[in-house]
Amino acid sequence: MIDTDSKLRRQRVAIYARVSSSKQSEDGTIESQVNLLIDYAKAHDFEIPEGWIFQDNGVSGSTIQRPALDNLRDLVASGSADIVLIYHPIQRQLGLQVSDN
């Protein structure tokens with residue numbers, strides 16, 4: 001049986017952005033990242049559910065222990081998100097951690 005509801009439903013996208021310094025945060029860098037990702041999602045007719053924009057302001061990239069990233073990982077693990085858009089390049093160690101889980 002074909003699941004017609006899932007074929008008609010817009011893909012749900014989560015957004016993640018990060019800046020590592022308070023200077024970048026003050027300069028509005030994270031907002032520009034988020035706005036670019038929102039524009040991309042809109043251009044592709046993706047749905048961004050409320051609360052699915054995750055931002056780590058002033059959090060070092062040298063650690064994968066980032067509050068918003070942890071919340072994003074929980075969302076992805078739940079199977080709710082169809083797509084994750086990320087502006088900031090994820091560290092290699094994160095990719096290794098995700099592939100190990």
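Of the 101 residues in the chain, 31% are buried. The structure is a predicted model, with an average pLDDT of 77 over the chain and 66% of the residues scoring at least 70. The weak spot is easy to point to: pLDDT stays under 50 over residues 91–101. For that stretch the model still has 13 contacts beyond four places in sequence, but they come with the low confidence just noted.

As for the overall layout, the chain has five helices and three strands, and from the N terminus on these run α-β-α-α-β-α-β-α. Long-range pairs make up much of the contact list: among contacts with a separation of 6 or more, 71% are between residues 24 or more positions apart. The accessible surface comes to about 6500 Å², and carbon and sulfur atoms account for 49% of that area.

Now to the inside. The largest nonpolar core has 11 residues, namely V13, I15, A17, V19, I30, V34, L37, I38, A41, F46 and L85. Both β1 (13–19) and α3 (29–43) supply at least two residues of this core, and α3 gives the most, with five. There is also a second, separate core of nine residues, including W52, F54, A68 and L69. V13, a member of the largest core, has a busy neighbourhood: beyond four places in sequence, V13 is in contact with A41, F46, E47, I48, P49, W52, I83 and L85. Among those partners, A41, F46 and L85 belong to the largest core as well, while W52 is part of the second one.

One of the V13 contacts, P49, deserves a closer look. P49 lies in the loop between α3 and β2 (53–57), and it counts as buried because its relative accessibility is 15%, with the cut-off for buried being under 20%. Leaving out residues up to four places away in sequence, P49 touches R12 and V13. P49 and A14 are 35 residues apart in sequence, yet their C-alpha atoms are 7.7 Å apart in space. What about E50, in the loop between α3 and β2: is this residue buried or exposed? With 81% relative accessibility, E50 counts as exposed. The C-alpha atoms of E50 and A14 are separated by 9.5 Å, with the two positions 36 residues apart along the chain counted as their separation. So the loop between α3 and β2 holds both a buried residue, P49, and an exposed one, E50.

Next come the charged pairs. A search of the whole structure turns up three salt bridges. In one of these, D45 pairs with R10, and the closest N and O atoms are 3.4 Å apart. This pair links distant parts of the chain, 35 residues apart: D45 sits in the loop between α3 and β2, and R10 in the loop between α1 (4–8) and β1. Both partners are partly exposed, D45 with a relative accessible area of 47% and R10 at 40% relative accessibility.

Another salt bridge joins D82 to R12, with the closest N and O atoms 3.8 Å apart. Because D82 lies in the loop between α4 (67–78) and β3 while R12 lies in the loop between α1 and β1, this pair ties together parts that are 70 residues apart in sequence. D82 counts as partly exposed at 34% relative accessibility, and R12 is partly exposed too, with a relative accessible area of 23%. R12 is also one of the residues that P49 touches.

The salt bridge between D70 and R73 has its closest N and O atoms 2.3 Å apart. How far apart are D70 and R73 in helix α4? They are separated by about one helical turn, because they are three residues apart in that helix. D70 is partly exposed, with a relative accessible area of 23%.

Finally, the outside has a nonpolar feature of its own. V76, V84 and I86 make a nonpolar surface patch of about 190 Å². V84 lies in strand β3 (residues 83–86) and is partly exposed, with a relative accessible area of 31%. That value is over the 30% needed for a patch, so V84 can be part of one.

Key:
Residues numbered from 1 in each chain as written. Predicted model: local features only at pLDDT ≥ 70, side-chain atom pairs only at ≥ 80, totals over all residues. Heavy atoms only, no water. Patch = residues over 30% accessible without salt bridge, like charges linked within 9 Å, V, L, I, M, F, W, Y side chains within 5 Å. Areas by Shrake-Rupley, 256 points an atom, 1.4 Å probe, with all protein chains shown as cover. Salt bridge = Lys/Arg side-chain N within 4 Å of Asp/Glu carboxyl O. Helix = DSSP H or I, 4+ residues; strand = E, 2+ residues; numbered from the N terminus. Buried < 20%, exposed > 50% of the residue type's maximum accessible area, 1.4 Å probe, protein only. Core = buried A, V, L, I, M, F, W, Y, C linked by side-chain atoms within 4.5 Å. Contact = heavy atoms within 4.5 Å. pLDDT = per-residue confidence, 0-100.
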